[in-house]
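Me: I've just opened this one and I'd like to learn how to read it. Could you walk me through a few features?

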Amino acid sequence: MESQSPPRRRRKNRKSAAGRIITTLFCFAVFLFCFCLASMLRNRQNDVSDSNSLSVQASSPQESKLSLEKEGEDDWKLILVNQDHPLPDGYVVHTVLLSNGEQVDERMYPALQDMFDEMRENGVYPVVASGYRTTQMQQQILDDKIQEFESQGLSYEEAKSSAEEWVALPGYSEHESGLAVDINADGIHSTGEEVYSWLSENADQYGFIQRYPEDKTEITGIAYEPWHYRYVGEKAAAEIKKQGICLEEYLGEAKEQEN
Ligand SMILES: [Zn+2]
């Protein structure tokens, strides 16, 4: 009988050794499971950031243009800013800084760059004399104009009213949209006439219109400005040029002619 206890103890020892192995294996399995789970989660996160970066790539100009057209949301190109239509409250402009310090709306910048490249290839050398303006900048331009008239002997009221015939009120200038540019000649290789003439013939192919034509001053309320171009997109620009109309007429917003 006594001889039976050692084997039993040995069996017990074997049993507990087996238990330890099972426990170790179990712990290892749990560890392995946790490790796999953690790395799976990590991979999933990577997938999310990958798809995020893809969607950033998808908002490159061409892609976003396509998706905007699909949703019919390229209205930004046709925003109307004039004496009767101020910029909407809280209108945000994302701009691109040009080499001469001027800024333009980043969505129209590629078209502007293409047009300038084409002009230079044709031996015409333009510059953006004025692009995006903040409301404060527009106010400053108006104040300067008022001072200019006052220095010519006009009273403040007279100077103010004269200045407002030339300079749009802050909040009412198309330059505040970032979609308008005053394009002049570089003054070295080209003359203003060469630049204006090229633009008037070709700018529509790049989606730009001459915003204040000579024969539309009664509708636009702005004197003829051969240098002021507005981005409206190629489709609208082609139609506006073909019909010989201004933006107000194209949008059905032309005021009744007062007789
Ligand atoms: Zn202008």
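Reply: Sure, and keep in mind that this is a predicted model. Let's start with a pair of helices: helix 3 (residues 109-121) and helix 6 (residues 192-202) have axes that come within 12 Å and cross at roughly 120°.

Me: What does that angle make helix 3 relative to helix 6?

Reply: Angles of 65 to 115 degrees count as roughly perpendicular and those over 145 as roughly antiparallel. The crossing is at roughly 120°, which means helix 3 is oblique to helix 6. The crossing is also right-handed.

Me: Which residues make the contact between them?

Reply: Helix 3 brings M115, E118 and M119, while helix 6 brings V195, W198 and L199. Sorted by type, that's five nonpolar, one charged and no polar.

Me: Now the metal. Which residues coordinate the zinc ion?

Reply: For a metal, look for the atoms that act as donors. Here they come from H175 (NE2), D182 (OD) and H228 (ND1), at 2.0 to 2.1 Å. Along the chain, the donors of the zinc ion are spaced as H-x6-D-x45-H.

Me: Why does the pair D182 and H228 tie together separate parts of the chain?

Reply: Because D182 sits in strand 4 (residues 180-185) and H228 in strand 6 (residues 228-231), the pair links parts 46 residues apart in sequence.

Me: And where is pLDDT under 50?

Reply: Start with the whole chain: mean pLDDT is 81, with 71% of residues at 70 or more. Then look for low stretches. Residues 1-7 stay under 50, with zero contacts beyond four places in sequence. Residues 36-71 also stay under 50, and the model gives them ten such contacts.

Technical notes: Residues numbered from 1 in each chain as written. Predicted model: local features only at pLDDT ≥ 70, side-chain atom pairs only at ≥ 80, totals over all residues. Heavy atoms only, no water. Axes fitted to C-alpha atoms, helices over the stretch in contact; angles between N-to-C directions. Helix = DSSP H or I, 4+ residues; strand = E, 2+ residues; numbered from the N terminus. Parallel < 35°, antiparallel > 145°, perpendicular 65-115°, else oblique. Left-handed = near helix turned anticlockwise from the far one by under 90°. Contact = heavy atoms within 4.5 Å. Nonpolar A, V, L, I, M, F, W, Y, C, P; charged D, E, K, R; others polar. pLDDT = per-residue confidence, 0-100. Donors = N, O, S within 2.8 Å, 3.2 Å for Na, K, Ca; no water.
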